[in-house]
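Student: I'd like to learn how to read a protein model feature by feature. Can you walk me through one?

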Amino acid sequence: MQIPSSVLRIWAVFVKELVQMRRDRLTFGMMLGIPILQLLLFGYAINSDPKDLPTAVVVEEQTPLVRTLLQAMETSGYYRFVMQTDDPRESSDLLARGEVAFVVSFPAGFTERLVRGERPQILIEADASDPSASSNAIAQANTILNRALRHDLAGPLAGLSATPAPFELVTHQNYNPEGITQYNIVPGLLGVILTMTLVMITGMAMTREVERGTMENLLAMPAHPAEVMLGKILPYVAVGAIQTAVILVAARFLFAVPFVGSLGLLLFAVTIFVIANLALGFTFSTIAQSQLQAMQLTFFFFLPSLLLSGFMFPFRGMPPWAQTIGEVLPLTHFLRIVRGVMLKGASLADVQIPLFAISLFTVVVMIVAMLRYRRTLD
Amino acid sequence: MIATDPNALAIDVRGLVKKFGDKTAVDGVDLQMPRGQVWGFLGPNGSGKTTMIRMICGLLRTTAGEGTCLGFDIAREVNEIKLRTGYMTQKFSFWTDLTIRENLEFVARLHQLDDMSATIDRVIGNLGLMDRQKQLAGDLSGGWKQRLALAAVTMHTPKLLLLDEPTAGVDPQARRDFWDEIHRLTTEGMTVLVSTHYMDEAERCDRIVYLANGKKLTEGSVADVIRESGLFTARAEGDGVRRLASELQGKPGADHVAYFGSALHVSGADEAAMRAAIRDVSSEGVTWTDVRPSLEDAFIALMSRAGEDHRTHS
Ligand SMILES: Nc1ncnc2c1ncn2[C@@H]1O[C@H](COP(=O)(O)OP(=O)(O)OP(=O)(O)O)[C@@H](O)[C@H]1O
Ligand SMILES: [Mg+2]
């Protein structure tokens with residue numbers, strides 16, 4: 001069987017790139033080092049289970065019941081009471097200034113209403129601008145309070161300790177309505193890491209040839225622009241695959257992120273996303289004059305990806321103009337896919353729109369690359 | 001559509017112009033080069049040799065002018081041209097982070113050579129680099145890099161070889177080998193256009209084309225160019241030569257005064273005036289002989305006749 005000459009030429013470029021990549025130890029190390037470093041930094045910064053968080057208490061009565069509940073919270077280790085007040089304004093100021101992470105409020109007449117079985121509310125307001133800091137403490141609050149009550153409500157009040165709890169716990173996650181948790185961040189990191197490393201590395205693909213003076217030779221060879229592009233992109237698909245494997249394994253075993261969806265579907269989406277980023281990097285390298293410029297373009301793209309994709313800030317919390325920019329970025333769509341598949345068990349039908357968006361982005365970017373590719377030295 | 005006519009010109013371009021911004025690097029050059037010959041491209045630095053070669057093989061778009069290379073249009077059929085030409089760049093442009101063998105493999109794969117590894121073995125054997133084939137190309141010395149480049153651009157047996165100063169920095173023996181190789185390739189039917197600054201290399205060409213300031217100053221065989229210069233040259237040797245140079249400089253009749261090794265060549269278009277100038281200066285410790293003007297004399301004359309020296313240093 002005759003292999004098409006185009007495939008052979010892509011193969012020629014592919015082998016050359018692979019050898020050069022392997023020989024460039026620093027870059028190669030960076031491609032594996034960056035994901036691991038980012039995972040550890042982001043992952044552990046959020047996964048650590050912060051305790052001893054400064055807390056203000058707003059309470060107007062000092063009954064034994066309230067004292068028991070407060071004591072239980074403090075002994076849980078999550079909350080450290082730094083001040084007690086009966087003025088809610090004072091405590092919200094502290095929260096706004098970040099001096100306390102929580103404000104716990106007991107309404108007036110709490111004990112009395114609890115005894116009457118009226119299920120009074122306990123309000124925990126959290127500074128959720130750093131969700132990783134507050135989420136565990138909040139998640140534990142109900143258990144802590146319930147357990148304390150069960151101890152205390154003996155004798156005539158024992159009937160109250162049955163479910164539902166004799167009080168209602170209300171939590172307000174201020175400053176971060178979506179309440180992103182670490183489960184959101186580790187899958188998101190997959191997209192962030194792939195974006196950053198792959199765009200940057202292919203961004204240098206053509207500029208390196210220009211800077212080293214090998215461009216003239218490459219242009220003198222009988223290879224079409226599309227063949228050069230594919231040959232230069234394909235080795236890095238393998239790099240993307242390795243990075244994905246590292247992150248997924250870490251998500252599972254280091255951070256215990258649940259994986260409820262289809263791995264096959266996720267890998268399919270990752271492949272498309274990887275190609276989108278590589279194509280974009282290649283396009284950058286046809287626009288930039290030097291490796292430095294390619295690097296700058298990469299960051300110019302990476303920053304909005306990081307900030308406007310819904311990785312850093314909840315997408316729906318952003319102003320409309322920012323959402324519009326976000327919709328153009330492949331990372332935005334990838335985050336929807338990866339979170340959907342990993343955390344919610346989304347099916348192909350559920351993620352077809354973001355998948356289509358990423359594919360469309362790839363095609364457009366590749367066309368731009370072909371139009372921008374220098375066929376001559378001018 | 002392959003140009004099959006063996007009599008057709010290998011290169012046939014007319015009125016090529018190349019401007020970079022408002023600087024004109026090549027200014028209306030024609031070139032009609034038959035197949036199977038070796039032509040030399042000469043001219044001072046910045047005269048447009050490299051630019052001209054790049055336009056011929058489709059690496060630079062022309063600002064004006066048109067033509068064919070191996071029968072293919074230099075603007076529209078660049079890919080056909082690339083398949084059939086070998087272009088050796090002035091500056092080494094193979095991949096320094098690939099080994100000698102890997103560079104050759106890359107070229108061989110792109111040209112889809114049959115029997116790749118045997119071909120490469122043969123090429124490396126001819127180069128005498130068998131035991132260094134796993135060395136990075138960037139670690140080769142300058143002269144060896146040139147040899148590797150020549151081997152790489154001829155591996156696919158192109159019909160036309162464009163060599164841009166292939167022997168710059170190559171030692172004399174290697175330079176001789178290089179030229180023997182070039183002549184051997186032409187006996188196999190290859191056409192070679194080679195740029196050079198060496199007069200002895202120019203003398204080995206079937207025909208030379210002399211560029212200056214982006215214009216073609218002259219073209220012809222070595223004998224033609226010398227004859228066309230219409231020069232008469234006398235050669236002074238001996239201890240007194242150093243003193244003579246300054247005395248002769250600017251004298252009527254002594255159009256060009258230039259050292260050749262330790263000897264001094266005095267050339268003039270007007271034989272009588274030239275001899276008068278020589279008689280005028282003291283001949284103490286100097287012996288004069290009449291010589292055939294060298295190619296270099298002819299070029300110096302051509303240059304100064306064409307006007308001041310426009311050499312650009314950018
Ligand atoms: N890419 C470019 N951009 C701007 N000017 C250029 C470019 N390439 C060449 N030139 C200019 O065109 C002129 C001709 O250059 P070229 O390299 O063709 O000369 P050359 O005859 O090969 O010289 P040399 O003997 O030094 O190699 C020079 O003045 C050079 O500065
Ligand atoms: Mg040159």
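Tutor: We'll go through the core, a helix, the aromatic rings, the metal site and a few backbone angles. This is a predicted model, where local features need pLDDT of at least 70, side-chain atom pairs count only at pLDDT 80 or more, and totals for chains, interfaces and linings use all residues. Residues are numbered from 1 along each chain as its sequence is written, chains are lettered from A and ligands numbered from 1 in the order in which they are written, and side-chain values use heavy atoms, with hydrogens and water left out.

Student: Let's start inside. Which residues touch the most other members of the largest nonpolar core?

Tutor: First, the idea: a nonpolar core is a set of buried Ala, Val, Leu, Ile, Met, Phe, Trp, Tyr and Cys residues joined through side-chain atoms within 4.5 Å. Buried means under 20% relative accessible area, exposed means over 50%, and partly exposed is in between, using a 1.4 Å probe and protein chains only. Here the largest core has 156 residues, and B:Ile11, B:Leu31 and B:Met52 touch the most other members. The biggest share, 13 residues, comes from helix 11 (residues 263–287) of chain A. By the way, helices (H or I, at least four residues) and strands (E, at least two) are DSSP runs, numbered from the N terminus. Another core, of 30 residues, lies apart from that one, with A:Leu70 and A:Phe106 among its members.

Student: What does B:Ile11 touch?

Tutor: Contact means heavy atoms within 4.5 Å. Not counting residues up to four places away in sequence, B:Ile11 touches B:Leu31, B:Gln32, B:Met33, B:Ile56, B:Thr68, B:Leu160, B:Leu162 and B:Leu193.

Student: How do I read a single helix, say helix 14 of chain A?

Tutor: Try its length, then its surroundings. The expected span is 1.5 Å times one less than the number of residues. For the 15 residues of helix 14 of chain A that gives 21 Å, and the end C-alpha atoms are 20 Å apart, which agrees. Twelve of those 15 residues are buried, so this helix is largely enclosed by the rest of the structure. Among the buried ones are A:His333, A:Leu335, A:Arg339 and A:Met342. Right after helix 14 of chain A comes A:Gly345, with a positive phi near 65°.

Student: And how many aromatic pairs are there over all chains?

Tutor: A pair of aromatic rings is described by the distance of the centres and the angle of the planes. Rings of Phe, Tyr and Trp (its six-membered ring) pair if their centres lie within 6.5 Å; planes under 30 degrees apart count as stacked, over 60 as edge-to-face and the rest as tilted. The search of the whole structure finds eleven pairs. A:Trp11 and A:Phe14 are stacked, 5.6 Å centre to centre with 20° between the planes. Both sit in helix 1 (residues 5–23) of chain A, three residues apart, or about one turn. A:Phe273 and A:Phe334 are also stacked, at 4.1 Å and 10°. That pair joins helix 11 and helix 14 (residues 330–344) of chain A, so it ties together parts 61 residues apart in sequence. Both A:Phe273 and A:Phe334 are buried. In chain B, look for one aromatic cluster made of B:Phe92, B:Phe94, B:Trp95 and B:Phe106.

Student: Which charged end sits over the ring of B:Phe106?

Tutor: We say a charge sits over a ring if NZ of Lys or CZ of Arg is within 6 Å of the ring centre and within 35 degrees of the ring normal. For B:Phe106 it's the charged end of A:Lys16, 5.7 Å from the ring centre. A:Arg252 does this with A:Phe253, at 5.6 Å.

Student: What are the protein donors of the magnesium ion?

Tutor: Donors are N, O and S atoms within 2.8 Å of the metal (3.2 Å for Na, K and Ca); water is not among the atoms, so sites may look incomplete. For the magnesium ion (ligand 2), they are B:Thr50 (OG1) and B:Gln90 (OE1), 1.8 to 2.1 Å away. B:Thr50 is in helix 1 (residues 49–56) of chain B, while B:Gln90 is in the loop between strand 6 (85–88) and helix 3 (100–110), 40 residues apart. B:Thr50 is buried at 17% relative accessible area, whereas B:Gln90 is partly exposed at 37%.

Student: Last one: where does B:Thr157 lie?

Tutor: Most residues other than glycine have a negative phi. B:Thr157 has a positive phi of about 40° although it is not a glycine. You'll find B:Thr157 in the loop between helix 5 (142–154) and strand 7 (160–164) of chain B, and it is exposed, at 55%.
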